[in-house]
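The following exercises concern a two-chain protein structure. Each task is followed by a solution that proceeds step by step.

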Amino acid sequence: MGDLASLQNAFIALLQQGNTGLMQDIEDQPPLQVNQRLEIYQNAYQIRLRGVLEQDHETLGFYLGDDLFNLMLTQYIASFPSQSRSLRQFGDRLPEFLRMTAPFSAHGILAEIAEFERILLRAFDSADATTLSWPQLQAIDIGQWPNMILVLHPSVHFLTCDYAAVESWQALKEKNVPPNADIKGPHYWLVAREATLRTGFHPLTALQWQCIQSIAQGMPFSMVCQSVVGEFEDEQAGSMFVISVLQLGIQQGWFSDVHLLHA
Amino acid sequence: MSVPFLGFGMGLRTCYFEQIISERPAIDWFEIISENYFVSGGKPWHYLSQIKEQYPIVMHGVSMSIGSTDPLNFDYLRQLKSTIERVNPVWVSDHLCFSALGEFNSHDLLPMPYTEEALNHLTQRISQVQDYLERPMIFENVSSYLTYKQSYMTEWEFLAQLHAQTGCQFLLDINNVYVSARNHNFSAMEYLNAIPKRSIAQIHLAGHKDFDSHIIDTHDEPVCDAVWSLFSQFSQQLPAVSTMIERDDNFPPLVDLLAELDHAKALTHDHWR
């Protein structure tokens, strides 16, 4: 290994592991001591990464309180050093960290709040696309509707919660006390960018969720109806339900396009 | 490569997006952080697409890690190239430093030693990057807090040599020169005097935090008097060079940054006509 590579490895070892082997390669230049010069870089590294997580997960921070949030930051930075050139991705593994690391792992809501905040970030700068309008659907011959395949807007993301994660996030945003973390049965959420470019989130019923998931899997309208028909008295009621979901989705901008199977 | 004189610009930051679009302030050009636009859409591109219709844009990267001894990261370069195609900037810059090694990213601008090995390494990498991007790159001097024992030339000798070997031009950050000069006890003016004048494509002016024993380059304060003085003296030696205020934190009202730009214009008014 050349001198340049050795120096760079020693520098990274300083930042990543606190290994001060680099000291022997640094000129003594009073009034600062060599260790103080190295600490400037060590501190900058910590401050920069902590700042990113504080910004991306502000509400999780309110939920945890200062002490636990600081513990989380310290442990996450040590466990999951940044592997991306952009700081935008640095917190991507935070939900995973919270699920597997005590004391956070004892509270499943924490990973869910973190996941929700990651999804908000992804929806914020997902690809742009046009949004589907009702007249576009109406222009399709009714006989072709069973074959139509709806395309979700690129900003649409899904989250299933076993705890009151989104409700707690919302309460804290509004400076209210979060509700009890425990809920009966899963809560389903759809996150998408609105026409104003603000990121919105919407609760879905289990049936709406099933319907949108079928659409997300690329199923044609007939199969989307089929996927929920068992929940209704007859096929027509099932189809009407799916159409109500389409209306909601079109109103909210969840669809970007429609095309016909075999077209 | 000869870059045009764009006048007096500013780093484009999200907190000023709406005001820039609604008020069209008298700023000659904007510099964007390249990596902030490595995303597909949403607000960043919504605002930038409107602003770039009205103002020239240059791109400034912070993550190329041109000095790293790792192989070049072509995933990064692909994203950069595609962003360049979308933005169509007047020029593209990054920093003379390393920031990543292996899978580890420091997200900092870590200094290079000033050695023949580093010079040859940078020469080769700059050529590879420019070939891949199919355009010349401009590189910025970074501020530093340590000096490697291995360095046997000064930073300004190193830059002059690099320019001689590659022909690459520099984004000269005068605040960084001042910060490093104070931190390493050299003359900032000696540094500036030694930089080949034809190599300077752009100038950054910024603020810092002064702790007396050392300075930290924070970009969260107004440009200090000492940096203004360096800029004023140095500008008299130069043809007109595109100059901008770089503010990254503790953002003041836009009018304060416009006042700093006016000050830069006033200092160069007589010789950069």
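**Exercise 1.** Determine which residue takes a positive phi in the hairpin of strand 5 of chain B and strand 6 of chain B.

*Solution.* The model is a predicted one. Step 1: establish the pairing. Strand 5 (residues 98-101) of chain B and strand 6 (residues 104-110) of chain B run antiparallel and are joined by three bridges. Step 2: locate one bridge, in which Phe98(B) has Leu110(B) of strand 6 as its partner. Step 3: examine the turn. Two residues lie between the strands, and Gly102(B) takes a positive phi near 60°.

**Exercise 2.** Carry out the corresponding analysis for strands 2, 3 and 4 of chain A.

*Solution.* Step 1: strand 2 (residues 157-163) of chain A pairs with strand 3 (residues 182-193) of chain A in the antiparallel sense, over six bridges. Across this pairing, Trp189(A) of strand 3 stands opposite Leu159(A). Step 2: strand 3 of chain A also pairs with strand 4 (residues 199-204) of chain A, antiparallel and over six bridges. Here Leu204(A) of strand 4 stands opposite Tyr188(A). Step 3: the hairpin of strands 3 and 4 of chain A has five residues between the strands, and Leu197(A) takes a positive phi near 75°.

**Exercise 3.** In what order do the eight strands of the barrel in chain B close, and in what sense do they pair?

*Solution.* Step 1: the order is 1-2-3-4-7-8-9-12, with parallel pairing. From one strand to the next, the twist averages 30°. Step 2: take one pair as an example. Strand 8 (residues 169-173) and strand 9 (residues 200-205) of chain B pair in the parallel sense over four bridges. Within strand 9 of chain B, Ile200(B) is the bridge partner of Phe170(B). Step 3: add the helices. Helix 8 (residues 225-235) of chain B packs on the sheet and touches strands 8, 9 and 12 of chain B, its direction making about 155° with that of strand 9. Helix 9 (residues 254-268) of chain B also packs on the sheet, where it touches strands 1, 9 and 12 of chain B; its direction makes about 145° with that of strand 1.

**Exercise 4.** Classify Thr268(B) as buried or exposed.

*Solution.* Step 1: place the residue, which lies in helix 9 of chain B. Step 2: apply the cut-off. Its relative accessible area is 2%, and buried means under 20%; Thr268(B) is therefore buried. Step 3: list the surroundings. Beyond neighbours within four places in sequence, Thr268(B) is in contact with Phe8(B), Phe231(B) and Ser235(B).

**Exercise 5.** Describe the interface between chain A and chain B by contacts, area and polar interactions.

*Solution.* Step 1: count the contacts. On the side of chain A, 42 residues are in contact with 45 residues of chain B. Step 2: consider the area. The two chains bury about 4000 Å² between them, with 62% of it on carbon and sulfur atoms. Leu4(A), Tyr41(A) and Arg85(A) lose the most area in chain A, together 23% of what that side buries. Step 3: turn to polar interactions. There is one salt bridge between the chains, formed by the side chains of Arg48(A) and Asp108(B) at 3.8 Å, N to O. There are 27 residue pairs in polar contact, counted with both residues at pLDDT 80 or more. Step 4: assign the elements. Helix 1 (3-17) and helix 2 (34-56) of chain A are the elements that give two or more residues to the side touching chain B. Helix 1 of chain A gives the most, with ten residues.

Terms used:
Residues are numbered from 1 along each chain as its sequence is written. Chains are lettered from A and ligands numbered from 1 in the order in which they are written. This is a predicted model: local features need pLDDT of at least 70, side-chain atom pairs count only at pLDDT 80 or more; totals for chains, interfaces and linings use all residues. Side-chain values use heavy atoms; hydrogens and water are left out. Two strands pair if DSSP finds at least two bridges between them. Axes are lines fitted to C-alpha atoms, for helices over the stretch in contact, and angles run from 0 to 180 degrees between N-to-C directions. Contact means heavy atoms within 4.5 Å. Buried means under 20% relative accessible area, exposed over 50%, partly exposed in between (1.4 Å probe, protein chains only). Buried area is the accessible area (1.4 Å probe) that two parts lose on being put together, summed over both. A salt bridge is a side-chain nitrogen of Lys or Arg within 4 Å of a carboxyl oxygen of Asp or Glu. A polar contact is a pair of N or O atoms within 3.5 Å; within protein, one must be able to donate a hydrogen and the other to accept it, and residues adjacent in sequence count only if both atoms are side-chain atoms.
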